[in-house]
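Trainee: Could we walk through this structure together, one question at a time?
Mentor: Gladly; let us look at it first.

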Amino acid sequence: MTSETTLPASTGPAPVNAQDFRDGMARLGGAVHLVTSDGSRGWAGFAASAVCSVTDDPPTLLVCLRRDSSAHAAVTGNGVLCVNTLEADHQALSTLFGGKTPMDTRRAAADWSRLATGAPVLADARVAFDCRIARSVGMGTHDVLFCEVLAVAHGAAAHGGLYYTERQYRQLAPLPA
């Protein structure tokens, strides 16, 4: 059994304003992922950098999803998702998944397969983590999804990764063989 603790309200200084926080977070770069889902609530996908490892026992990832996003109802309603980590040459695909592009257009832009949950797996992802949403915690404008990893697919080639920092994409060079 897991527990959640709510800490008392701070009596210290007020938190920073939202713009200062966003400007600071822009300097905290991260890998770029396409988070995809399919099931009774439909097909959905969005670009995300707010993904990280939680624990390896059980293998669990954390994924942050804005509640007013076009993907929210499908992802949370389906209860499954795949975190597809992007390669350096996936910038255009990430941009497509990060905007107001219709879901059908996003889906048609790449080749997909399936693993354990049925969530879409990007055929040429750097790595893909097929997950069941084990828990969701609301925080401000987002839901924090704790996703139990049920399958992993490693990409056939490593072309370097796609990274987002300073409000722009950066391509990481592949490591020497």
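**A walk through the fold**

Mentor: At 0% relative accessibility, N84 counts as buried. Keep in mind that this is a predicted model.

Trainee: In which strand is the place of N84?
Mentor: We can look up its position among the strands. Residues 80–85 make up one strand, and N84 falls within that stretch. The strand is β6.

Trainee: Which residues does N84 touch, not counting residues up to four places away in sequence?
Mentor: We already know that N84 is buried, because its relative accessibility is 0% and the cut-off for buried is under 20%. Leaving out residues up to four places away in sequence, we can list what N84 touches. The list is V32, H33, L34, T36, W112, P120, V121, L122, A125, V127 and A128.

Trainee: How far from a polar atom of the side chain of N84 does the backbone oxygen of C82 lie?
Mentor: Here one atom belongs to the backbone of C82 and the other to the side chain of N84. A polar contact needs the pair to be within 3.5 Å. The distance from the backbone oxygen of C82 to the polar atom of N84 is 3.4 Å.

Trainee: What is the order of the strands in the open sheet of seven strands?
Mentor: Strands of a sheet pair through backbone hydrogen bonds, either parallel or antiparallel. In this open sheet the pairing is antiparallel, and β6, the strand of N84, is one of the seven. The order is β3-β2-β6-β9-β10-β5-β4.

Trainee: Which strands stand at the edges, each with a single partner strand?
Mentor: Try reading the order from its two ends. A strand with a single partner has one side left without a neighbour in the sheet, so we look for strands of that kind. They are β3 (44–48) and β4 (51–56). From one strand to the next, the twist averages 30°.

Trainee: What is the bridge partner of S53 in β5?
Mentor: Strand β4 pairs with β5 (residues 59–66) in the antiparallel sense, over five bridges. S53 has its bridge partner in β5, and that partner is L61.

Trainee: Is S94 buried or exposed?
Mentor: S94 is found in helix α3. This helix (residues 91–98) lies across β2 (33–37) and β3, at about 115° to β3. Residues that S94 touches include V32, L34, A47 and L86. With a relative accessible area of 1%, which is under the 20% cut-off, S94 is buried.

Trainee: How many residues lie between β11 and β12 in their hairpin?
Mentor: Strand β11 is joined to β12 (residues 168–171) by four bridges, and the two run antiparallel. One bridge partner to find is Q171 in β12, which belongs to L162. In the turn, E166 has a positive phi of about 55°. The number of residues between β11 and β12 is two.

Trainee: And in β11, what is the bridge partner of A31?
Mentor: Strand β1 (residues 30–31) also pairs with β11 (residues 162–165), in the antiparallel sense over two bridges. The partner of A31 in β11 is Y163.

Trainee: What radius of gyration does the chain have?
Mentor: The secondary structure comes to four helices and 12 strands, and the C-alpha atoms fill a box of roughly 50 × 35 × 35 Å along the principal axes. With 177 residues, a compact globule would have a radius of gyration near 16 Å, and the chain agrees with this. Its value is 17 Å.

Methods. Residues numbered from 1 in each chain as written. Predicted model: local features only at pLDDT ≥ 70, side-chain atom pairs only at ≥ 80, totals over all residues. Heavy atoms only, no water. Pairing = 2+ DSSP bridges. Buried < 20%, exposed > 50% of the residue type's maximum accessible area, 1.4 Å probe, protein only. Contact = heavy atoms within 4.5 Å. Polar contact = N/O pair within 3.5 Å; in protein donor to acceptor, adjacent residues only side chain to side chain. Rg over C-alpha atoms; globule rule 2.2 N^0.38 Å. Axes fitted to C-alpha atoms, helices over the stretch in contact; angles between N-to-C directions.
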